[in-house]
Amino acid sequence: MTSPIEGFSKLTKNEKIEWIAEHYTDNSKTTKSILKRYWNSENKLQKLHDEFIENTITNFYLPLGIAPNFLINDKLYAIPMAIEESSVVAAASKAAKFWLDRGGFKTKVLGTQKIGQVHFMYVGDTEKLIAFFKSVKSKLISDAAHITKNMEKRGGGIKEITLRDKSNQLKNYFQLHCTFETLDAMGANFINSCLEQFAKTFKKEAQIFAVFTETEKDIEIVMSILSNYVPNCLVRAEVSCPIHRLTANASIPAREFADKMVRAVNIAQIEPFRAVTHNKGIMNGIDAVVLATGNDFRAIEAGVHAYASKDGLYTSLSHANIENDIFKFWIEVPLALGTVGGLTSLHPMVKLALEILHKPSAKELMQIVAVAGLAQNFAALSSLVTTGIQEGHMKMHLMNILNQLGATNEEKQVLKQYFKKNTVTHSAVVEAFEKLRKEQ
Ligand code: MEV
């Protein structure tokens with residue numbers, strides 16, 4: 001068994017590679033060669049990546065694809081997507097093209113409120129705590145002025161601080177529940193710095209609040225941290241068109257297609273097993289753009305799924321209906337995104353992705369990302385309720401297998417034709433490929 005290592009972080013990059021290759025892989029020479037093949041030959045760029053995280057040994061590539069032809073509020077976008085899953089970019093592009101001829105996507109930001117909390121324990125009379133909070137609230141804000149000054153100049157800052165009594169659910173537990181406007185920044189550092197300052201002031205002032213007993217003065221701050229649940233940092237994206245225009249999928253009539261789409265959404269609204277997969281498809285689009293634009297997809301995932309269960313049942317993020325022969329399909333998602341700060345100014349690829357998107361504000365990016373999610377959902381449901389999902393997936397699967405086998409472009413063309421009529425399985429592709437090679 002391998003023994004633990006002391007001081008791994010202090011080793012050089014080469015020493016780290018030596019160690020991991022020797023202790024955790026079968027062939028240390030191959031390991032070293034793979035890891036080094038992914039280094040960037042430009043030293044400056046590699047150093048930048050090395051310094052994003054700790055203990056970097058190499059880079060881990062994801063493809064960056066472009067889904068063009070997105071008409072959003074009458075403006076055309078080509079959306080960069082970083083994702084490894086085949087079919088996602090193709091599906092987004094297909095949905096974009098479909099809606100391009102039908103008025104495009106309409107979007108609206110419904111709110112931009114971010115949340116942070118100071119969690120604390122207080123043992124004593126709740127009325128006295130309320131009185132203390134009232135007396136200290138303005139000082140909480142003024143003591144944080146050195147953090148909020150610049151943000152306020154630009155129109156953002158602390159919006160509200162409320163005291164929340166949670167002691168019914170957890171003995172002695174209370175919160176300072178705080179709302180912020182962080183404009184184009186995702187705002188994590190800003191919010192967390194404000195919260196830590198609130199906590200300091202709150203604890204200090206409690207110690208000299210005359211009405212408190214000694215026990216009451218001794219407020220215990222448990223933690224101060226932003227929340228990734230942002231139900232009021234919300235964006236809506238929508239498409240709609242007369243039913244008779246839903247003809248692109250010729251495999252079934254437009255009316256039947258519309259009805260089936262609505263039914264598919266209705267199922268995801270009441271059935272959590274389906275809703276999770278339905279929303280996963282939406283996140284295929286959302287995460288890919290969030291990642292390409294240097295935002296934190298874990299934060300987005302956590303917040304979105306919490307929102308999907310906000311009424312006590314995990315449900316669909318998208319909605320659909322038919323009214324007066326108009327098919328309408330829309331989504332509402334919470335997206336706390338930034339287009340300044342963090343990776344956005346550091347990562348050359350992120351900068352480029354934002355440039356491709358016409359250098360959006362955070363609000364504009366929220367709308368673009370919501371559209372990517374809705375488009376993905378439209379494409380997935382369109383396939384599911386007509387041909388089934390495997391047809392498209394198998395085309396991509398076929399190409400992946402052929403690439404693995406080292407097929408030439410000519411061979412790919414022949415086998416693509418062949419598998420239009422035959423079922424794609426790994427062994428069937430290998431067999432057909434070998435047969436073709438022998439025939440040549
Ligand atoms: C696969 O990545 C996503 C889908 O499963 C989404 C869905 O079922 O709606 C196709």
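Is Leu352 buried, partly exposed or exposed? With a relative accessibility of 38%, Leu352 counts as partly exposed. That value falls in between the two cut-offs, because buried means under 20% relative accessible area and exposed means over 50%. Keep in mind while you look around that this is a predicted model.

## A nonpolar patch on the surface

Leu352 sits in helix H12, and it has company. Together with Leu64, Ile66, Met349 and Ile356, Leu352 forms a nonpolar patch on the surface. The accessible area of these residues adds up to about 390 Å².

Where in the chain does the patch come from? Strand S1 (64-72) and helix H12 (348-356) each supply at least two of its residues. H12 gives the largest share, with 3 residues. To find the patch in the 3D view, start from Leu352 in H12 and look for Leu64 and Ile66, two other members of the patch.

## Just past H12

Follow the chain out of H12 and you get to the loop between H12 and helix H13 (362-384), where His358 is found. Lys359 is in the loop between H12 and H13 too. Here is a bit of background: most residues other than glycine have a negative phi. Now look at His358, whose phi is near 65°, a positive value in a residue that isn't glycine. Lys359 isn't a glycine either, and its phi is positive as well, at about 45°.

How covered up are these two? His358 is partly exposed, because its relative accessible area is 39%. Lys359 is exposed, with a relative accessible area of 65%.

## An open sheet

Next, find the open sheet of 4 strands, which has the order S5-S6-S4-S7 and antiparallel pairing. Which strands stand at the edges? They are S5 (157-165) and S7 (220-227), and each has a single partner strand, so one side of each is left without a neighbour in the sheet. From one strand to the next, the twist averages 15°.

Let's zoom in on one pair of strands. Strand S4 (residues 114-121) and strand S6 (residues 173-181) run antiparallel and are joined by 8 bridges. If you'd like a landmark there, pick Gln117, which stands opposite His177 in S6.

## Salt bridges

How many salt bridges does the structure hold? The count is 17. Here are three of them, with their N to O distances.

| Side-chain pair | N to O distance |
|---|---|
| Lys32 and Glu18 | 3.2 Å |
| Asp74 and Lys106 | 3.4 Å |
| Asp311 and Lys310 | 3.6 Å |

Start with the salt bridge between the side chains of Lys32 and Glu18. Lys32 is in helix H2 (residues 28-37) and Glu18 is in helix H1 (residues 13-24), so this pair ties together parts that are 14 residues apart in sequence. Glu18 has a relative accessibility of 37%, so it counts as partly exposed.

Move on to the salt bridge of Asp74 and Lys106. This pair links distant parts of the chain, 32 residues apart: Asp74 is in the loop between S1 and strand S2 (75-82), and Lys106 is in strand S3 (residues 106-109). Asp74 is exposed, at 61% relative accessible area, whereas Lys106 is partly exposed, at 39%.

Then there's the salt bridge where the side chains of Asp311 and Lys310 meet. Asp311 is exposed, with a relative accessible area of 66%. For Lys310 the value is 42%, so Lys310 is partly exposed.

Salt bridges can share partners too: that is how Arg236, Glu238 and Glu332 are joined into one network.

## Cysteines without disulfides

Last stop: the cysteines. A disulfide is a covalent bond between the sulfur atoms of two cysteines. How many disulfides does this structure hold? The number is 0. Take Cys233, which is in no disulfide: its nearest cysteine sulfur belongs to Cys178 and is 16 Å away. For a disulfide, the two sulfur atoms would have to be within 2.5 Å.

Is Cys233 buried or exposed? Its relative accessible area is 1%, so Cys233 is buried. Cys241 is buried as well, with a relative accessible area of 5%. Both values fit the cut-off, since buried means under 20%.

Terms used:
Residues numbered from 1 in each chain as written. Predicted model: local features only at pLDDT ≥ 70, side-chain atom pairs only at ≥ 80, totals over all residues. Heavy atoms only, no water. Patch = residues over 30% accessible without salt bridge, like charges linked within 9 Å, V, L, I, M, F, W, Y side chains within 5 Å. Areas by Shrake-Rupley, 256 points an atom, 1.4 Å probe, with all protein chains shown as cover. Salt bridge = Lys/Arg side-chain N within 4 Å of Asp/Glu carboxyl O. Buried < 20%, exposed > 50% of the residue type's maximum accessible area, 1.4 Å probe, protein only. Pairing = 2+ DSSP bridges. Axes fitted to C-alpha atoms, helices over the stretch in contact; angles between N-to-C directions.
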